[in-house]
Amino acid sequence: MNRLFQRPLIPLAAALIFGIAAGEAHPGYGFWGWALGIGAILFLLSLILRYKKVLLPFLPLLFFLYGAFSIQGWIDPSLPEDHIKTFTSGEHKWLITGTILTPPYTAFGKVRFELMAQTATAGSLLHRVSGKMWVTVSADEFKGEPGDTVSFVGRLRRPRNFGNPGAFDYERHMASKGIWVTANATKGSFRHLSSRDKGGFYAADPVLFRQKIIAQIRELGAGDGAALLRALVVGDRSGISPELRHDFAKLGISHLIAISGLHVGIVGGAVFFLFRWLLSRFRFFLWRAWTRKGAAVPTFLMILAYAMISGMFPSTRRAVIMIAIFLLAVWAEREQDSFNTLAAAALAMALYHPLVIFSLSFQLSFAAVGAILYGFSRRSASYAQGPRNIRSWIYESLFISCCALLGTLPLASMYFNYIPLISPLSNLIFIPIVGFIAVPVGLTGVFLYPILPDIAVLLMRLDILYLDMVAELVRICAHPSFLGVGIISMNIFETIIYYLLIFGLVEWFSTDGRTRKRKLAGICIAIGVVAGSADLYYWIDERFLREDLRVTVIDVGQGNAALLELPKGGVMLIDGGGFYDNDIFDVGERIIAPLLWQNKIMTVDKIVLSHPNSDHLNGLLFIAENFAVKEIWTNGEAVDIKGYKELLSIIRERKIPHKTIETLPRTLHFNDLKVDILYPPDDFLSQEDRWRDENNNSLVIRIVFGSVSFLFTGDIEEEAEAELAEIAGKELKSMVLVAPHHGSRTSSTNAFLDAVDPEAVLISAGWNNQFRLPHPSVLDRYRKRGYRIFRTDIQGAVRVTTDGEDFRIITHRKARGISVDMPRHE
């Protein structure tokens with residue numbers, strides 16, 4: 001407890017962060033406002049009456065309540081009447097004018113940027129508006145930089161999450177930037193109206209200077225070296241290819257291409273020691289022992305300048321605050337406590353911007369630095385005071401990497417599901433190569449650019465050539481397949497168990513004798529083992545011993561994907577959703593895989609592709625390549641599209657058994673299920689009916705578990721429905737129908753619905769999709785028949801659980817208490 005009081009900022013920072021998390025999980029101004037008011041009154045009374053025993057516990061409580069209250073203004077702000085968000089309802093497009101706020105981010109042929117809206121025009125009505133929005137424009141049309149005025153035509157949308165358990169919270173991410181509206185510029189509508197007044201010397205504006213450097217580096221090259229240089233010196237990672245990013249991640253050195261505390265620390269350390277050496281040449285500073293004090297000022301100015309031109313990411317802000325506190329301690333000739341300094345950085349960032357605690361950069365940065373500081377605090381004193389040589393430097397480098405790896409492991413499991421075991425060794429190699437050579441040379445070029453542009457360009461050119469070689473070395477080193485292991489996602493409970501065990505084990509082995517610390521360590525280990533065993537038993541029972549069937553129609557936007565968790569642990573995936581281009585958004589990687597990992601699924605017994613359309617196919621590619629897949633079913637129709645060719649290539653490379661309609665039995669039994677493949681007919685590829693296309697050739701599968709049945713129909717339309725009803729007859733009847741073709745008006749004919757006669761219909765469609773699906777006439781048809789209707793575009797993922805006798809349906813948004821809005825075409 002005494003040590004806790006010696007580091008008072010740690011409990012305050014922890015209380016504030018937990019308060020922010022609690023306020024986000026349970027929003028509402030009223031409750032938290034009253035609680036904060038009562039807490040403040042009690043705190044003031046304790047202060048007035050000098051009740052120290054009450055005062056100290058009340059301070060963290062006050063920070064907790066303030067954190068919960070402060071977040072309310074970010075997640076549910078009171079926006080002005082003229083805010084651009086008020087124009088997001090309706091079908092029509094708006095002509096928007098505004099000012100570019102942020103440097104444009106370019107990737108995959110698109111440019112994205114923040115815009116401060118000024119006017120919104122529809123027809124002859126012009127509205128003066130306010131508020132920020134996130135705009136996407138085709139790269140070949142875009143022209144502009146921060147401060148320029150532009151216009152475009154497009155539909156205004158509110159950011160919206162995919163409605164799946166454990167999905168990335170896109171709405172919260174945008175709210176953290178103060179953005180409540182997004183828009184895609186209609187092709188050909190973007191106009192550059194005017195440029196900003198650049199005034200005097202451009203280097204005085206960090207944003208403009210950053211853009212100038214980015215443009216200069218782009219002129220020098222378009223390869224990997226130029227892209228890495230932009231990432232290292234100005235934080236622009238848009239030019240780094242997905243393949244190279246993957247190789248950096250595989251080696252566990254992704255932090256090298258994201259400006260973080262490492263880069264800021266290297267720059268700060270180099271500048272501090274340089275100026276300290278220079279000032280020691282002068283007797284005036286040397287005799288007054290001012291060399292350290294004098295070096296502190298230019299060091300702070302340099303790291304602040306570096307942070308400003310690189311974008312001030314959370315990890316960068318953390319490093320700047322910590323170095324600033326260190327330099328202040330140097331100036332004041334005081335000792336500083338590293339743990340208190342880290343807590344001060346977290347406290348300052350969370351007070352200024354509460355939503356920052358949910359960012360990956362914030363969490364990884366503080367977890368890594370906290371683990372490193374804790375590891376060094378528990379090293380043996382004999383080693384810490386030992387001689388400094390190459391051997392000790394290698395040991396410390398490996399020790400730091402291992403601490404960071406262990407400290408961030410739960411976060412790596414949540415966000416990446418991959419642990420780079422090679423990370424300590426690869427960091428030992430690449431940190432000096434990149435951090436001690438490429439970064440200093442590149443930054444020297446950046447800071448010389450305003451005064452000695454020719455020398456600066458020469459340094460940048462040399463650095464690009466050097467980084468080209470670094471990129472090639474990364475590719476070579478990342479080639480082996482045994483560099484890391486894929487892991488399932490850890491939940492919050494498991495994360496607490498993990499840190500409790502790590503703390504207990506470290507304290508146990510670093511403490512001698514029967515001390516209170518060792519007893520505490522023993523208690524932590526015991527609690528961790530018991531809780532971990534209970535968690536393990538729960539998941540074994542949940543994954544492999546349960547006897548029910550769970551069918552989840554996943555919210556994949558405008559597409560279709562269904563996860564079947566079979567009795568006794570089997571897993572079946574029917575379609576995978578997908579956008580037209582996986583480079584822009586990979587549904588398999590971003591939506592389906594996280595859902596599987598969250599449910600502790602690493603093996604998929606059967607993947608079923610109903611037909612090779614991108615909105616059913618593309619999401620399966622990542623799953624087939626990164627999970628243990630035992631079998632893939634398709635209808636056997638070969639199509640000349642990129643996604644289908646990639647699927648066949650993955651099947652060959654990974655030697656996955658591939659069964660088509662020709663080799664599949666029409667009826668199969670496994671995991672207590674009966675699976676009927678009802679459609680298409682065996683000879684469908686040889687028939688020449690004009691209506692036979694990819695949609696109408698979809699695999700139609702009926703799953704029966706006990707007395708409960710499900711019908712998965714792909715994208716079949718009217719003609720295929722008629723043929724199916726004729727072929728299957730009474731076998732078509734099912735209790736739950738996954739709507740054909742996303743509820744299109746070309747499907748769900750009366751004759752087909754008569755044959756199926758379902759109790760519930762599950763519709764997979766995208767929110768406000770351009771096809772206006774499900775069609776109102778189809779919905780009306782379902783309602784007149786008395787079907788229970790569930791829609792992924794409104795209610796998010798739809799889960800059906802059955803014991804074989806009855807079934808229960810629950811939707812993600814209802815389960816989380818999220819309000820549901822109707823699409824515009826309803």
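## Nonpolar cores

In this predicted model, the largest nonpolar core holds 54 residues. Those with the most contacts inside it are I213, I217, L228, M460 and V474. Helices dominate the list of contributors: α7 (206-220), α8 (224-234), α9 (242-251), α10 (261-279), α12 (291-309), α13 (314-332), α18 (423-448) and α19 (453-477) are the elements that give two or more residues to this core.

M460 touches I213, Q216, I217, L220, L229, G445, V446 and Y449, leaving aside residues up to four places away in sequence. Apart from this core lies another, of 35 residues. Among its members are V551, V608, L699 and F790.

## The open sheet

Eight strands form an open sheet with mixed pairing. The order is β19-β18-β16-β14-β13-β12-β27-β28. β19 (658-659) and β28 (807-811) stand at the edges. Each has a single partner strand, so one side of each is left without a neighbour in the sheet.

At the β19 edge, the pairing with β18 (residues 632-633) is parallel and spans 2 bridges. W633 stands opposite K659 in β19.

## A nonpolar surface patch

I390, W393, I394, F436 and I437 make a nonpolar surface patch of about 490 Å². Two elements, α17 (390-415) and α18, give two or more residues to the patch. α17 gives the most, with 3 residues.

F436 is found in helix α18. The residue is partly exposed, with a relative accessible area of 47%.

## Salt bridges

The structure holds 29 salt bridges. One of them joins K132 and E114, with the closest N and O atoms 3.5 Å apart. K132 lies in strand β5 (residues 132-138) and E114 in strand β3 (residues 110-122), so the pair ties together parts that are 18 residues apart in sequence. K132 is partly exposed at 21% relative accessible area, whereas E114 is buried at 10%.

E494 and K600 meet through their side chains at 2.9 Å, N to O. E494 lies in helix α20 (residues 492-510), and K600 in the loop between α22 (587-598) and β15 (603-604), so this pair ties together parts that are 106 residues apart in sequence. Both E494 and K600 are buried.

K674 forms a salt bridge with D676, the closest N and O atoms being 3.6 Å apart. K674 is partly exposed, with a relative accessible area of 28%. D676 is buried, at 4%.

A network of salt bridges links E542, R546, D548, R550, E565 and R799.

Terms used
Residues are numbered from 1 along each chain as its sequence is written. This is a predicted model: local features need pLDDT of at least 70, side-chain atom pairs count only at pLDDT 80 or more; totals for chains, interfaces and linings use all residues. Side-chain values use heavy atoms; hydrogens and water are left out. A nonpolar core is a set of buried Ala, Val, Leu, Ile, Met, Phe, Trp, Tyr and Cys residues joined through side-chain atoms within 4.5 Å. Buried means under 20% relative accessible area, exposed over 50%, partly exposed in between (1.4 Å probe, protein chains only). Helices (H or I, at least four residues) and strands (E, at least two) are DSSP runs, numbered from the N terminus. Contact means heavy atoms within 4.5 Å. Two strands pair if DSSP finds at least two bridges between them. Patches are made of residues with over 30% relative accessible area and no salt bridge: like charges are joined within 9 Å, nonpolar side chains (Val, Leu, Ile, Met, Phe, Trp, Tyr) within 5 Å. Accessible areas come from the Shrake-Rupley method with a 1.4 Å probe; for residues, only the protein chains shown count as cover. A salt bridge is a side-chain nitrogen of Lys or Arg within 4 Å of a carboxyl oxygen of Asp or Glu.
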